[in-house]
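Visitor: I'd like a close look at one part of this protein: the sheet, and what its strands pack against. Could you walk me through it?

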Amino acid sequence: MTTRQRVLVLYLATSALDSKVVGWSRYDGTGRTNPTAGDSDEPPYATGLDALLDGWRLIQASQLLPPSPGHEYDVSFLKHEFFFEQLVEV
């Protein structure tokens, strides 16, 4: 048996783990699946907390940076990014 990693990136509405998922990406290091961007209309979890409750391990949360004065309402990247991992035996 070999240990492989699955990675789940969730973009949340706020910095709180129990806020709504607004974007996501999945990567499967086992090779069993080949997820692609836009392959689902529904997120894999409703919140980041739901991913934790399902056994995913949180490995990184984005740094919280306040907007520069005058840029509070600019549209940009999704800033509340959380990386999760699952270790799988193959």
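Guide: A quick definition to begin with: two strands count as paired if DSSP finds at least two bridges between them. Keep in mind that this is a predicted model. Its mean pLDDT is 90, and 99% of the residues reach 70 or more. Among the elements, β3 has the lowest mean pLDDT, 91, while helix α1 (residues 48–53) has the highest, 97.

Now the sheet itself. Four strands form an open sheet in the order β2-β1-β4-β3, and the pairing is antiparallel. The edges are β2 (21–28) and β3 (57–61), each of which pairs on one side only. From one strand to the next, the twist averages 25°.

Let's go across the sheet, starting from the β2 edge. β1 and β2 pair in the antiparallel sense over seven bridges; to find your place there, look for V7, whose bridge partner in β2 is Y27. Moving on, β1 also pairs with β4, again antiparallel, over nine bridges. A handy landmark for that pair is Y11, which has E81 as its bridge partner in β4. At the far side, four bridges join β3 to β4, and these two run antiparallel as well. Here you can pick out L58, bridged to F84 of β4.

F84 is also a good way into the packing, as it belongs to the largest nonpolar core. That core has nine residues: L8, L10, L12, V21, Y45, A51, W56, F82 and F84. The elements giving two or more residues to it are β1 (3–12) and β4 (81–89), and β1 supplies the largest share, with three. If you look at the numbering, L8, L10 and L12 are all in the core, and so are F82 and F84. As a general point, side chains in a regular strand alternate between the two faces of the sheet.

L8 is worth zooming in on. Leaving aside residues up to four places away in sequence, L8 touches S25, R26, P44, Y45, A51, W56, F82, F83 and F84. Of those contacts, Y45, A51, W56, F82 and F84 are fellow members of the core.

One last stop is Q86, which is found in strand β4. With the same sequence neighbours set aside, Q86 touches R4, Q5, R6, D54, G55 and W56. W56 therefore shows up in the contact lists of both L8 and Q86, counting contact as heavy atoms within 4.5 Å. Q86 and T30 sit 56 residues apart along the chain, and their C-alpha atoms are separated by 11 Å.

Conventions. Residues are numbered from 1 along each chain as its sequence is written. This is a predicted model: local features need pLDDT of at least 70, side-chain atom pairs count only at pLDDT 80 or more; totals for chains, interfaces and linings use all residues. Side-chain values use heavy atoms; hydrogens and water are left out. A nonpolar core is a set of buried Ala, Val, Leu, Ile, Met, Phe, Trp, Tyr and Cys residues joined through side-chain atoms within 4.5 Å. Buried means under 20% relative accessible area, exposed over 50%, partly exposed in between (1.4 Å probe, protein chains only). Axes are lines fitted to C-alpha atoms, for helices over the stretch in contact, and angles run from 0 to 180 degrees between N-to-C directions. pLDDT is the predictor's confidence in each residue, from 0 to 100.
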